[in-house]
Amino acid sequence: MPEVVIQAYRVSGYVKGPCTKCSKEERGLVMFDDYGLGWECLACGEIGRVDRVEWVEGADEDPHGPEFEA
Ligand SMILES: [Zn+2]
């Protein structure tokens, strides 16, 4: 089986790329009860498991990041 890898922002937990179901870029990182990692779509509720997470630094390009706090 091919390895499933996602890229996630370390600070916000926002996952890059579109949801496999609704294609919206509204995914957040989740951890399952067995400590496996995956993502959950905030738009449609779809979840997916991943084998590995590549952590992304740099909140500047993160639309869900804290950079716009007053
Ligand atoms: Zn979705």
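This passage walks through the strands, the nonpolar core and a few individual residues of one protein chain.

The structure is a predicted model, in which local features need pLDDT of at least 70 and side-chain atom pairs count only at pLDDT 80 or more, while totals for chains, interfaces and linings use all residues. Residues are numbered from 1 along each chain as its sequence is written.

A good place to begin is the overall layout. The protein chain has six strands and zero helices, where strands (E, at least two residues) and helices (H or I, at least four) are DSSP runs numbered from the N terminus. Along the sequence this gives the pattern β-β-β-β-β-β. Of the 70 residues in the protein chain, 11% count as buried; a residue is buried if 20 or more other C-beta atoms lie within 10 Å of its own, exposed if 12 or fewer, and partly exposed in between, with C-beta atoms placed from the backbone. Two residues are in contact if their C-beta atoms, placed from the backbone, lie within 7 Å. Among contacts between residues at least 6 apart in sequence, 41% join residues at least 24 apart.

Turning to the interior, the largest nonpolar core consists of five residues, namely Ala8, Tyr9, Tyr14, Val15 and Trp39. Strands E1 (5-9) and E2 (14-15) each supply at least two residues of this core. Such a core is a set of buried Ala, Val, Leu, Ile, Met, Phe, Trp, Tyr and Cys residues joined through C-beta atoms within 7 Å. In soluble globular proteins, nonpolar side chains tend to be buried together. Core member Trp39 touches, among others, Ile6, Val15, Leu29, Val30, Ile47 and Val50, when residues up to four places away in sequence are not counted.

Strand E1 also holds Gln7, which counts as exposed because it has 12 C-beta neighbours inside 10 Å. Leaving aside neighbours within four places in sequence, Gln7 is in contact with Lys16, Glu54 and Val56. The C-alpha atoms of Gln7 and Arg52 are separated by 8.8 Å, although these residues are 45 apart along the chain.

Two loop residues round off the picture. Ser23 lies in the loop between E2 and strand E3 (27-31), and its phi is near 70°, a positive value in a residue other than glycine. Ser23 is exposed, since 12 other C-beta atoms lie within 10 Å. Tyr35, in the loop between E3 and strand E4 (37-41), has a positive phi of about 70° although it is not a glycine. Tyr35 is exposed, with 6 other C-beta atoms within 10 Å.
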